[in-house]
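Student: Could you take me through one part of this structure in close detail, and then show me how it connects to what lies around it? I'd like the cut-offs behind each term as you go.

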Amino acid sequence: QVQLVESGGGLVQAGGSLRLSCASSGSTFSNLAMGWFRQAPGKDRNFVACVSASGDRVYYADSVKGRFTISRDNAKNTVDLEMNSLKPEDTALYYCAIGWGTLPGQYNSWGQGTRVTVSS
């Protein structure tokens, strides 16, 4: 079973940047599309971005388009989320998961999450 571990979260001021990373333990990582979601306290888990298995296709939520970049390194079994121009409304627990699409039900093997807090 593939295990996912997120890292890179923290506290940052509005306008700042963070880079999240998701490491996979599975040997089939290069065959799997991956995505990032986020969940703010008391709210639903929402789609952020996804990347195809080869990395040639990416898709972003409108709320992060132009500010966030998803990328992957299949040699290292990692998928990253570069977050720039952060806003307080980006504050959430960020999860990576295996799958493709904008709905949580289209994903499985979720990580434990990494917390991002953006102060105003």
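Tutor: Happy to, starting with strand S5 (45-51), where 5 of the 7 residues are buried, so the strand is mostly covered. Buried here means under 20% relative accessible area, exposed means over 50%, and partly exposed lies in between, using a 1.4 Å probe and protein chains only. A strand is a DSSP run of E with at least two residues, numbered from the N terminus. Please keep in mind that this is a predicted model, in which local features need pLDDT of at least 70 and side-chain atom pairs count only at pLDDT 80 or more, while totals for chains, interfaces and linings use all residues. Residues are numbered from 1 along each chain as its sequence is written, and side-chain values use heavy atoms, with hydrogens and water left out.

Let's look at the partners of S5. Strands pair if DSSP finds at least two bridges between them. Strand S4 (residues 34-39) runs antiparallel to S5, and 6 bridges join them; in one of these, Arg38 is matched with Asn46 of S5. The hairpin of S4 and S5 has 5 residues between the strands, and Gly42 there takes a positive phi near 75°. S5 is also joined to strand S6 (58-60) by 3 antiparallel bridges, with Ala49 standing opposite Tyr60 in S6. S5 and S6 make a hairpin too, this time with 6 residues between them, and Gly55 in its turn has a positive phi of about 90°.

That turn is worth a pause, since Ser54 sits in the loop between S5 and S6. Ser54 counts as exposed because its relative accessibility is 55%. Its side chain makes a polar contact with the side chain of Asp56 at 2.7 Å. A polar contact is a pair of N or O atoms within 3.5 Å; within protein, one must be able to donate a hydrogen and the other to accept it, and residues adjacent in sequence count only if both atoms are side-chain atoms. Leaving aside neighbours within four places in sequence, Ser54 is in contact with Arg72 and Asn74, where contact means heavy atoms within 4.5 Å.

Back in S5 itself, Cys50 is buried because its relative accessibility is 0%. Its sulfur is 13 Å from the closest cysteine sulfur, in Cys96, and so too far away for a bond. The structure does hold 1 disulfide, a term for a pair of cysteine sulfur atoms within 2.5 Å. This disulfide joins Cys22 to Cys96, with an S to S distance of 1.9 Å. Its S-S torsion is about 55°, so the disulfide is right-handed. The two cysteines are 74 residues apart and link distant parts of the chain, Cys22 in strand S3 and Cys96 in strand S9. Cys22 is buried, at 0% relative accessible area, and Cys96 is likewise buried at 0%.

S5 also contributes to the interior. The largest nonpolar core has 33 residues, and Trp36, Leu81, Met83 and Tyr94 have the most contacts inside it. Such a core is a set of buried Ala, Val, Leu, Ile, Met, Phe, Trp, Tyr and Cys residues joined through side-chain atoms within 4.5 Å. The elements giving two or more residues to this core are S3, S4, S5, S7, S8, S9 and strand S11 (114-119). Leu81 shows the link to S5 nicely: not counting residues up to four places away in sequence, Leu81 touches Val48 and Ala49, and the list also includes Trp36, Phe68, Ile70 and Tyr94. In soluble globular proteins, nonpolar side chains tend to be buried together.

Several of those core elements belong to an open sheet of 4 antiparallel strands in the order S1-S3-S8-S7. S1 (4-7) and S7 (68-73) each have a single partner strand and stand at the edges, so one side of each is left without a neighbour in the sheet. From one strand to the next, the twist averages 15°; the axes are lines fitted to C-alpha atoms, and angles run from 0 to 180 degrees between N-to-C directions. S1 and S3 (residues 18-24) pair over 4 antiparallel bridges, one of them matching Val5 with Ala23.
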